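Reader: I would like to learn how to read a fold step by step, from its contacts to its strands, its helices and its charged pairs. Where should we begin?

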Amino acid sequence: MSDLFAGRLENIVTCVRCETTTRREETFFNLSLDIESNTSLIYCMKRFSVKELLNQDNKLMCETCLTRQVATKEIVVSKYPKVLLVHLKRFRIDPQTFMQQKLNYRIPFAEELRCEAQGKTTVYRLKGVVIHEGQGLQFGHYYAIVKSQGKWMKFDDTRVSLINDHETQTYYGEPPNNQRRSHGWPCAYMLLYESEDLLAGFFDAEAEERHRESP
């Protein structure tokens, strides 16, 4: 699990007054992203690392100033994993009704993803999508699509079927015309990307195994 899915995040907090910066690293196994209407996966990933201002009740207790100070906070990915699992936060509590609400926002995602951390670019290929269809986290229907041998396959309970490449766009979320459905749109909930380095290593190992087995 760690070898395939573990990446590293760096939490950076800087005091505005004295400019003292503290850094703390932590491991992540999935990248959990807030989503906004009519944006994209790339936009949501960029928003993940936007600096946040800590002020008023959230002021930092600065160890240099010895008082509570305004500070900035940002979270950056310092190392991307071999397999990137992206979680789109499609469920939230409605502040008016205090009921759970599903966000059917349209979030297009690409089959190729380029991520940069510490000067290194990792190229990913989309291999699987977990889809939720329904109105709430505790109910509705979950299924998945998986790319195998260059073709997309849909796994829906005991039903397995081939789908065309364009059908993946069905799972971006609610279409631009804002057409409503009583049971909610099928929306991508989790995305699984494999790095090209991992895929290359897999095919190298497969070729080596075939070579050993050949007479």
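Author: Let us begin with contacts, where a contact means heavy atoms within 4.5 Å. This is a predicted model, and among its contacts between residues at least 6 apart in sequence, 59% join residues at least 24 apart.

Reader: What are the secondary structure elements of the protein, and what percentage of its 215 residues is buried?

Author: The protein has three helices and 16 strands. Buried residues, that is, those under 20% relative accessible area, make up 36% of the 215 residues. The accessible surface comes to about 13500 Å², and carbon and sulfur atoms account for 50% of that surface.

Reader: Is strand β1 enclosed or open, and which strands does β1 pair with?

Author: In strand β1, which covers residues 7-15, eight of the nine residues are buried, so the strand is largely enclosed by the rest of the structure. Over eight bridges β1 pairs in the antiparallel sense with strand β2, residues 21-28, and Ile12 stands opposite Arg23 in β2. These two strands form a hairpin with five residues between them, and in the turn Glu19 has a positive phi of about 65 degrees. Strand β7, residues 71-79, also runs antiparallel to β1 and is joined to β1 by eight bridges; there, Val77 is the bridge partner of Leu9.

Reader: How should I read the buried residues of a helix, and what is the case for α2?

Author: The general idea is that an α-helix has 3.6 residues a turn, so residues three or four places apart point the same way. In helix α2, residues 41-48, the buried residues are Leu41, Cys44 and Met45. Seen down the axis of α2, these buried residues fall within an arc of 100 degrees, so they line one face of the helix.

Reader: Which strands do the buried residues of α2 pack against?

Author: They pack against four strands: β3 (31-33), β8 (83-88), β11 (112-117) and β16 (186-195).

Reader: Let us turn to charge. How many salt bridges does a search of the whole structure find, and where does the pair of Arg47 and Glu36 lie?

Author: Side chains of opposite charge can pair when their charged atoms come close. The search finds 11 salt bridges, one of which joins the side chains of Arg47 and Glu36 at 3.6 Å, N to O. This pair links distant parts of the chain, with Arg47 in helix α2 and Glu36 in the loop between β3 and α2, 11 residues apart. Arg47 is partly exposed at 43% relative accessibility, and Glu36 is also partly exposed, with a relative accessible area of 34%.

Reader: What does the salt bridge of Lys147 and Glu111 tie together?

Author: Their side chains meet at 3.0 Å, N to O. Lys147 lies in strand β13, residues 139-148, and Glu111 in the loop between β10 (100-102) and β11, so the pair ties together parts that are 36 residues apart in sequence. Glu111 is partly exposed at 29% relative accessibility.

Reader: Is Asp156 buried or exposed, and which residues do shared salt bridges join into one network?

Author: Asp156 counts as buried at 10% relative accessibility, and its side chain meets that of Arg159 in a salt bridge of 3.3 Å, N to O. Elsewhere, salt bridges that share partners join Glu112, Arg114, Arg125 and Glu196 into one network.

Reader: Which residues make the nonpolar surface patch of about 220 Å²?

Author: Val146, Phe155 and Val160 make that patch. Val160 has its place in strand β15, residues 159-163, and counts as partly exposed at 46% relative accessibility.

Notes: Residues are numbered from 1 along each chain as its sequence is written. This is a predicted model: local features need pLDDT of at least 70, side-chain atom pairs count only at pLDDT 80 or more; totals for chains, interfaces and linings use all residues. Side-chain values use heavy atoms; hydrogens and water are left out. Buried means under 20% relative accessible area, exposed over 50%, partly exposed in between (1.4 Å probe, protein chains only). The arc is that of the directions from the helix axis to the C-beta atoms. A salt bridge is a side-chain nitrogen of Lys or Arg within 4 Å of a carboxyl oxygen of Asp or Glu. Patches are made of residues with over 30% relative accessible area and no salt bridge: like charges are joined within 9 Å, nonpolar side chains (Val, Leu, Ile, Met, Phe, Trp, Tyr) within 5 Å. Accessible areas come from the Shrake-Rupley method with a 1.4 Å probe; for residues, only the protein chains shown count as cover. Two strands pair if DSSP finds at least two bridges between them.
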